[in-house]
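Subject: Handover of a structure, with notes

Hello,

Here is the structure I said I would pass on. My notes follow below it.

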Amino acid sequence: MRLDRYLGNRARLSRQDVRRLVADGRVMVNGKVSQAMDQEIRVFDRIELEGESLQAGKAARYLMLHKPAGCVSATQDTAHRTVLDLIDEPDKQDLHIAGRLDFNTTGLMLLTNDGQWSRRLTQPTSLQGKVYLVETENEIDPACVDVFARGMYFRFENLTTLPAELVILASDKARLTLHEGRYHQVKRMFGHFNNKVTALHRESMGPLMLDPALEPGRYRSLTDHEIAQI
């Protein structure tokens, strides 16, 4: 929300009063005088008007979780354990998932209360690569490499997937890089070749890689450097 709109709503001020107060340097954002009416205000910002606190500001949270199998990518579920059940943090209900994984898919999951940050990571236009290790029931057909790279037509959505990079590591193992997140996309792509995915593990999202020290079900806060990469 813009600063002028925030002040008008929060302090019940007229537009003229807001302009005057901002111009006179009586508004502070995060300890600094702000004289930009169009400055974007977030829940993490500390806002003061003539020395009075209007918003204390929340702490931004960024967590990396090693999602185990048999866990729902949701904040609440009446039937199954959720990824939020694995988090022991205050105000964890404020967290949301940046990039969900299927019930039995394992690997990197990111949780945050910063909506702008997660949108930069997951919005389709960002084209952030998501890398998966895939195991299949049958031998992987080498033809998959070219078909995945050209894009595959999904009849249900009437669309063609973005080009994906497949590297075959063994007869039934491969590393797949996607730049989107369609419904059950990996399983459907291999299903086109009548090959069932038996295990799926996400290694990375964009520049963020799963910490090898994290055991399944464990998590840690992102470093300042990791946060700044998105």
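Which element gives the largest share of the lining of the largest pocket? Helix H5, residues 185-191, gives the largest share of that lining, with 3 residues. Please keep in mind throughout that this is a predicted model.

The pocket

The largest pocket holds about 500 Å³ of space. Its lining is made up of 23 residues, and those that lie nearest the centre are Arg100, Tyr132, Glu180, Gly181 and Arg182. Besides H5, strands S8 and S13 each give two or more residues to the lining. Sorted by class, the lining has 9 nonpolar, 7 polar and 7 charged residues.

Strands S8 and S13

Both of these strands also matter for the next part of the picture, so to speak of pairing: S8 covers residues 130-136, and S13 covers residues 197-205. The two strands pair in the antiparallel sense over 7 bridges. Thr136 of S8 stands opposite Val197 in S13, and Lys130 has Met205 of S13 as its bridge partner.

S8 also pairs with strand S12, residues 173-178; these two run antiparallel and are joined by 6 bridges. Here the bridge partner of Val131 is Thr177 in S12.

S13 has further pairings. With strand S7, residues 106-112, S13 runs parallel and is joined by 2 bridges. Gly107 has Arg202 of S13 as its bridge partner. With strand S14, residues 208-209, S13 pairs in the antiparallel sense, again over 2 bridges. Met205 stands opposite Leu208 in S14. The hairpin of S13 and S14 has 2 residues between the strands, and Gly206 in this hairpin takes a positive phi near 55 degrees.

Both S8 and S13 are mostly covered. In S8, 5 of the 7 residues are buried; in S13, 7 of the 9 are.

The nonpolar cores

In soluble globular proteins, nonpolar side chains tend to be buried together. The largest nonpolar core in this model has 31 residues, and the members that touch the most others are Leu111, Val134, Phe148, Leu166, Leu176, Val186 and Phe190. Two or more residues come from each of these elements: strand S5 (62-67), S7, S8, helix H4 (143-150), S12, H5 and S13.

Phe190 is a useful residue to click on when looking at this core. Leaving aside neighbours within four places in sequence, Phe190 is in contact with Val134, Thr136, Ile140, Phe148, Leu166, Leu176, Asn195 and Val197.

There is also a second, separate core, of 14 residues, which includes Met64, Leu108, Leu210 and Ile227.

Leu210

Is Leu210, a member of this second core, buried or exposed? Its relative accessible area is 15%, and buried means under 20%, so Leu210 counts as buried. Leu210 is found in the loop between S14 and strand S15 (219-221). Not counting neighbours within four places in sequence, Leu210 is in contact with Met64, Leu65, His66, Gly107, Leu108, His201, Arg202 and Glu203. Of these, Met64 and Leu108 are also named above in the second core, while Gly107 and Arg202 are the bridge partners from S7 and S13. The C-alpha atoms of Leu210 and Phe44 are separated by 26 Å, and the two residues are 166 apart along the chain.

The sheet of S1 to S4

Another part of the model holds an open sheet of 4 strands in the order S2-S1-S3-S4, with antiparallel pairing. S2 and S4 (52-55) are the edge strands, each pairing on one side only. S3 and S4 run antiparallel and are joined by 3 bridges, and Glu48 stands opposite Ser53 in S4.

Ser34 is found in the loop between S2 (32-33) and S3 (47-49). Ser34 is buried because its relative accessibility is 4%, under the 20% cut-off. If residues up to four places away in sequence are not counted, Ser34 touches Leu3, Val22, Val27, Met28, Val29 and Gln39.

Those are my notes for now.

Regards

Definitions and conventions. Residues are numbered from 1 along each chain as its sequence is written. This is a predicted model: local features need pLDDT of at least 70, side-chain atom pairs count only at pLDDT 80 or more; totals for chains, interfaces and linings use all residues. Side-chain values use heavy atoms; hydrogens and water are left out. Buried means under 20% relative accessible area, exposed over 50%, partly exposed in between (1.4 Å probe, protein chains only). Two strands pair if DSSP finds at least two bridges between them. A nonpolar core is a set of buried Ala, Val, Leu, Ile, Met, Phe, Trp, Tyr and Cys residues joined through side-chain atoms within 4.5 Å. Contact means heavy atoms within 4.5 Å. On a 1 Å grid over the protein atoms alone, a cavity is a set of points where a 1.4 Å probe fits but cannot get out, and a pocket is an open set with protein on both sides within 12 Å along at least five of seven lines; lining residues have an atom within 4 Å of a point. Grid points are joined across faces, edges and corners, and a volume is the space filled by probe spheres set on the points. Ala, Val, Leu, Ile, Met, Phe, Trp, Tyr, Cys and Pro count as nonpolar, Asp, Glu, Lys and Arg as charged, and the others, Gly among them, as polar.
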